[in-house]
Amino acid sequence: MLMARSFMDLIWDYAVFVVFIIFSTLYPLWGRFFGKKEKTKADYVFGLGTISMGAMMLSIARGTLGVRSVLGYPSELFYRGSAMWETLYGMVTAYPLVCFIFIPVYFNLGVTSVYQYLDLRFNSRLVRCLASGTYIVRSLLNLGVTVYTPTVAMNTVIGIPYWASLIGISAISIGFNLLGGLKAAITADVIQSVTMILISVGIIIQSMVTVGGFGEIFTIPANDGRLSFFNFTGDATVRVDTTSAWLGQLFMSLSIFGCQQNFVQRYLSMGTFKEVRRTLMSNIPVVIALFCLAWIVGMGVYAVYAVCDPMKAGYTNKMDEILPFFVEDKFAYLPGVLGIFMASLFNGALSLNVSNLNSLATVTWEDFLSHLPRYKGISDKQQLNVIKFIGSIYGVIVMGVGFSVGLLSGVIESSMLMTSATSGPLLGVFLLAMLVPIANWKGAACGMIVSHILTLWITFGSLTVSKEVVLLPTTIEGCTNDTFSSGITKPTKSWLLANTPLEVESEFPYFDTTTHAPLERTIGFPENIYSVSYMYYSLIGTFLTVAVGALVSVLTSHADDAYDRKLLHPFAYYCSKLFPGKERRYISNPDIRPKDVESADSGTKKSPLDELERDNHGFDTVSEQSGVTVVSVDPLPPKLDRPEVYRKTADPEADR
């Protein structure tokens, strides 16, 4: 979508773009130079006591919706209709489930990495590394796509080379990582969220003026079949219907909100569980409003171009170009609007990259490097420096993945399918840990491995099956010389655009515009499995992990599988006591610390990181904090000449 506008026509857009990027970069880091600095790892990872509830809500909402809310949803409604709008049901359902299932379990455990909980629960480094490794690989692939997506839009709209944008995003992200922390990342999220809200409202107002009223924004798409809800087809191969939208998004959201480090890290940065619960539940109307805002923008854009589709008329090449085209076309009379819109896209990729680099570095340190002998016993300041260095390395890797996306075709679809395939196993292993008392490390590991293998088999097998892709009809019958602004002409491709895979403009494979003819043959196994909608991949992965994990755990149950009952959800523990049979025994793990630990000397609260700085992966160790020996099995009373021994006996609290 290379517009025929000269450099001088875009001078204000370039100026606004540069000013906004400078502001959105320096303002979050202002406190680094003139305010409270991150002096400890706790400050850097959690931003202790410095993040307001409002900022946290916007940051969580921003991470929930992602880049797809800016470009993806408006183009989805324009060319496919409102079916994806119903994924909102799954998002909204996931919030209370995360709040009352996941957060109560590990909020007060004193963990830094969410995958550290799996280590405590299963007493297994293997399970912990499987989960954290999956998160790292998935995040790196997604971030590579995320940082590259807006660079193509900026190249096609205002002519900035994609490599320059990619290097710029990566360089600023690394600077954020070195100078900031979670607080800086959340501040960047807030700036981006507020900016996109204002731009979206401006687009809706402009659409109202163009079509003649707010009511027309709803009436025109409805009359043209763009608004259709509550479609229960009962066919699992349909790309998306109400059932798959709700269930698919529910399991995907549970995996992201409840099992992903960058979200859990935000929950743990709050002081009390009550505050977390209030923030999450209050975030539901915020997410609904922001989610619907993006779709109303799409309705407004469609209402304006209902009788003259820019893509069908040859003014755009891809579905996701419709919103940038609208901004340049209808806001041509306001110099600088296009610049701030493109800068917001740039900043959106930047803020997502920054917050995820922070989480990736934390997971890598806590789950992998901190266990190496050379890093044992290093100071808090040294740990902080290592985490920042790891984050910088990841910033370079993400930039490399972004360049790979620009050079290779098919990377985007593969990475997005990988995301769908890995959400289920992650969610499944956490559900095993929290809700299945008999689950052990053997079952959890087998469940994750089997689930990964089968879901990846289905995922990549689906690439071999040709599927019909249906776009809703559009028209160019109403096109006139006055439909578009005078400065807008049909695109002419440069050498760079001709050699750039335009597929990268779509963050999700379901935004691909390639249309295939329907197949008339009858398909059998395994093609019928491959044809299942990708919306069900997370559900399939979760079910496989839980089913296989529970079965293997029953078959391999052993006395050494005991764990601290605080690692089990209270409701699951209560239900387990209702079943007949021998009562399960638990042990007390002294390495589990509450989130806020009262100091006996000063009466002040200490961060969990002040109390817990070492691995908690085993019970057969000597606790450095409590000075007690913890053994896996000791059916005999402790000897008087030995330190207190924690035996695998019923927890006194459990009997009450």
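## The chain as a whole

The protein chain has 24 helices and five strands, and what you are looking at is a predicted model. Of its 656 residues, 57% count as buried. Take the contacts in the protein chain between residues at least 6 apart in sequence: 84% of them join residues at least 24 apart.

## Helices H15 and H16

Let's start with one helix pair. Helix H15 covers residues 322–330 and helix H16 covers residues 337–367; they pack with their axes 9 Å apart, at an angle of about 155 degrees. That angle makes H15 roughly antiparallel to H16, since anything over 145 degrees falls in that class. As for handedness, the crossing of H15 and H16 is right-handed.

Which residues of H15 and H16 make the contact? On the H15 side they are Leu323, Pro324, Val327 and Glu328, and on the H16 side Val337, Leu338 and Phe341. Sorted by character, the residues of this contact between H15 and H16 come out as six nonpolar, one charged and no polar.

H16 also carries Ser344. Ser344 is buried, with a relative accessible area of 0%. Leave aside the neighbours within four places in sequence, and Ser344 is in contact with Phe20, Gln192, Thr195, Met196 and Ile199.

## Aromatic pairs

Now for the rings. A pair of aromatic rings is described by the distance of the centres and the angle of the planes. The structure holds 25 aromatic pairs, and a couple of them are worth a look here. In the pair of Tyr305 and Phe484, the ring centres are 5.8 Å apart and the planes sit at 55 degrees, so this pair is tilted. Where do the two residues lie? Tyr305 is in the loop between helix H14 (273–304) and H15, while Phe484 is in the loop between helix H19 (441–462) and helix H20 (495–498), so the pair ties together parts that are 179 residues apart in sequence. Both Tyr305 and Phe484 are buried.

The other pair is Phe326 with Phe331. Here the ring centres are 6.4 Å apart and the planes are at 70 degrees, so Phe326 and Phe331 form an edge-to-face pair; the cut-off for that class is over 60 degrees. Phe326 is buried, and Phe331 is buried too. These residues belong to a wider group: ring pairs link Tyr305, Tyr315, Phe325, Phe326, Phe331, Tyr333 and Phe484 into a cluster.

## Around Met299 and Phe214

Back along the chain, Met299 lies in helix H14. Is Met299 buried or exposed? Its relative accessible area is 1%, so Met299 is buried. Not counting residues up to four places away in sequence, Met299 touches Leu77, Trp85, Ile217, Phe218, Pro221 and Leu227. Met299 and Ile204 are 95 residues apart in sequence, yet 8.7 Å apart in space, C-alpha to C-alpha.

Ile204 turns up again in the contacts of Phe214: with neighbours within four places in sequence set aside, Phe214 is in contact with Ile204 and Met208. Phe214 has its place in helix H11, and with a relative accessible area of 41% it is partly exposed. Phe214 and Gly300 are 86 residues apart in sequence and 8.7 Å apart in space, again C-alpha to C-alpha.

## Backbone oddities

Most residues other than glycine have a negative phi. Against that background, Asn123 and Phe230 deserve a glance. Phi of Asn123 is near 50 degrees, a positive value in a residue other than glycine. Asn123 is found in the loop between helix H7 (114–122) and helix H8 (125–158). At 29% relative accessibility, Asn123 counts as partly exposed.

What about Phe230, with its phi of about 55 degrees? That value is positive although Phe230 is not a glycine. Phe230 lies in the loop between helix H11 (214–223) and helix H12 (242–259). Its relative accessibility is 55%, so Phe230 counts as exposed, with the threshold for that label at over 50%.

Note on methods:
Residues numbered from 1 in each chain as written. Predicted model: local features only at pLDDT ≥ 70, side-chain atom pairs only at ≥ 80, totals over all residues. Heavy atoms only, no water. Axes fitted to C-alpha atoms, helices over the stretch in contact; angles between N-to-C directions. Helix = DSSP H or I, 4+ residues; strand = E, 2+ residues; numbered from the N terminus. Parallel < 35°, antiparallel > 145°, perpendicular 65-115°, else oblique. Left-handed = near helix turned anticlockwise from the far one by under 90°. Contact = heavy atoms within 4.5 Å. Nonpolar A, V, L, I, M, F, W, Y, C, P; charged D, E, K, R; others polar. Phe/Tyr/Trp six-rings, centres within 6.5 Å; stacked < 30°, edge-to-face > 60°. Buried < 20%, exposed > 50% of the residue type's maximum accessible area, 1.4 Å probe, protein only.
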